[in-house]
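Q: Please take a close look at one chain of this model and at the places where its side chains meet those of its partner. State the cut-off behind each term as you use it.

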Amino acid sequence: MSSRSNSCMRKHSPGAIIVIALSALLWSLSAQADKLPTLPMLPKLPTLPKLPPLPHNLQIHGFASQSWLMSSGNNNFFGKSSSDSGSFDFRELGLNASMRPLTRLQFSAQMLSRTAGEGSPGNVRLDFGFMDYTYFSGESSQLGIRLGRMKTPLGFYNDTRDVPFTRPSILLPQSIYFDRTRKLALAADGVHLYGEHRSDLGDVSFQAGVVRPLVLGAEAEAAVLGGQFPGHLAPEISYTGRVNYDLDGGRIRFAVSASQLNISYVPGAGDILQAGSVRFTPLIFSAQYNAERWSLTSEYALRRLEYNNFGATPNMDFYGESYYFQGVYRFTPEWEGIVRYDAQVTDKDDPHGKKWAAERPSRAGLAHTRFAKDITVGLRWNITPEFMLRAEYHHVNGTAWLSTLDNPNTGDLSQRWNLFSILGSYRF
Amino acid sequence: MITKKNTGGFILLLCLLLGINYPISMAWAIEPYEIVTNPSVNEKTLPKSSLRAIFGMRLHTWPDGTAIRVFVMPDDAPLHVAFSKEKLNVFPYQLRSTWDRLVFSGTGQAPDTVMSPEEMLARVANTPGAIGYLTKSKTDGRVNVLEIK
């Protein structure tokens, strides 16, 4: 029971504690001064500036998680997971603050550090930071606007994909939430409109925006171009949106998300690449059923990826396809089990990668890098509301979502492989 | 291939459904309770969809423009479980994941958690615009009772 008492501390920031301690100290000093009436009147001291009252709607939340991964063969996922000791190279730390100075106005920001193998070295970055103004709020509907850096609304999980407590498993279904397009689809700077209408027939909500994707940095370049080049990527005007339909308070949830993310390439000196452009257009259909003990979730994604005018390589335009079925069962509020089947093909017209592998002799035997079928079973234990332990096992046929940064020699990869992982996570 | 694997999953789920008694259903047996508000709140009745939106932290203001302040008990408190299921028709885990989505995407805030009925009464009574829930025996004249249409 004692662990439960932590949650009442949820909103108390260190700042709040300092303000409280300081004001208590000042009060006690002045109280003591009142008890000494025999002293001569002191000359009037300059009054201390009044401490501003801490806005009572300031909220501070955070999380910290550490995972361990162990995989078979030479297939590395998030660090050297195929080594004898496995990999501890998966860590997520986040801290966020939000406040509502006016009932219609909210400010929110989150700093995040994510270590996940070679692709994410754990640098601290602004995950989101925006102002949210509710233009209209009535009994059954609302309409508002957000300005700043917002999470890109894609599927059920992209908005909070780096927060372990909000995920159904240690690793999100990699077919849809894999790391290569993560950089493009994580968050973007711009403006979003949002709205909601509630009725007995269910709640419809939407959010839609015009944004610039975050593409600066070597990681984004490696993810988009598959290597380092003298030039750099530049964000172009992009569009993002999602419509949600919740029936009976979320017993049944549907969502359709679509984005068009545009990036251009600015060649550097002596570059083999020309001023090309990349367009990523994901379309995701999501559905969920929530009962008391179990939840069923499925998502289907069609991802169009276009590379144009790079010169050195021919233009590319292909559709990737992925989907998963997931069942979660709550044995008790503390114990939860998960089963999932998750499948991805890089090119819908070449589901087994055979055509792709036949195109060049160097691709012989690498057809398995063009698909992945993952069967996952896992357990979640909520030790307290703040502390969670998880374990899960993946059996995977295909290597499509393995990072080339963690696996520089694609030829060493095994087509069929296993991954075991444990995660501990704390939040407040 | 896919169908076979999923069938396996469903059979497993079905076995679990039949084989395990869920302790949470004990929480249905709870003494009568009310939805309570701070006396500053003018509303005496509210549609269920608005109550859901309030506890889902998506409706932030009363019709007169006052900010709504939501107070809840911990997720596993029997009164919270009963209130969620009977008044909102949702399960506590759904509320928790809704609040987490808001907090960790920045698009909203979490409600305030109180640890006891006494604290619930005191916070709702002393916070303008507050809403919460209390068993009838713990309720007194310092808070208003809200009816759901």
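A: Of the contacts in chain B between residues at least 6 apart in sequence, 70% join residues at least 24 apart, a contact being heavy atoms within 4.5 Å. The model is predicted, with local features requiring pLDDT of at least 70 and side-chain atom pairs pLDDT 80 or more, while totals for chains, interfaces and linings use all residues. Residues are numbered from 1 along each chain as its sequence is written, chains are lettered from A and ligands numbered from 1 in the order in which they are written, and side-chain values use heavy atoms, leaving out hydrogens and water.

Chain B has five helices and six strands, arranged along the sequence as α-β-β-α-β-α-α-β-α-β-β. These elements are DSSP runs numbered from the N terminus: helices are H or I of at least four residues, strands E of at least two. Of its 149 residues, 54% are buried, where buried means under 20% relative accessible area, exposed over 50% and partly exposed in between, with a 1.4 Å probe and protein chains only. Chain B exposes about 6,400 Å², and carbon and sulfur atoms supply 61% of that area; accessible areas come from the Shrake-Rupley method with a 1.4 Å probe, and for residues only the protein chains shown count as cover.

Helix α4 of chain B spans residues 92-105. Ten of its 14 residues are buried, so the helix is largely enclosed by the rest of the structure; among them are B:L95, B:W99, B:L102, B:V103 and B:F104, together with the charged residues B:R96 and B:D100. At 1.5 Å a residue, α4(B) should span 20 Å, and its end C-alpha atoms are indeed 20 Å apart (the expected span is 1.5 Å times one less than the number of residues). Just after the helix, B:G106 adopts a positive phi of about 80 degrees.

The search of the whole structure yields 18 aromatic pairs over all chains. In one of them, A:F63 and B:F104 meet edge-to-face, 5.6 Å centre to centre with 80 degrees between the planes. Rings of Phe, Tyr and Trp (its six-membered ring) pair if their centres lie within 6.5 Å; planes under 30 degrees apart count as stacked, over 60 as edge-to-face and the rest as tilted. This pair crosses between chains, linking strand β1 (residues 59-71) of chain A to helix α4 of chain B, and both A:F63 and B:F104 are buried. Another link between the chains involves charge: the charged end of A:R330 sits over the ring of B:Y93, 3.3 Å from its centre. The criterion is that NZ of Lys or CZ of Arg be within 6 Å of the ring centre and within 35 degrees of the ring normal.

Helix α5 of chain B (residues 117-126) contains B:A125. At 14% relative accessibility, B:A125 counts as buried. Beyond residues up to four places away in sequence, B:A125 touches B:N38, B:P39, B:R142 and B:V143. The C-alpha atoms of B:A125 and B:P39 are separated by 7.2 Å, although the residues are 86 apart along the chain.
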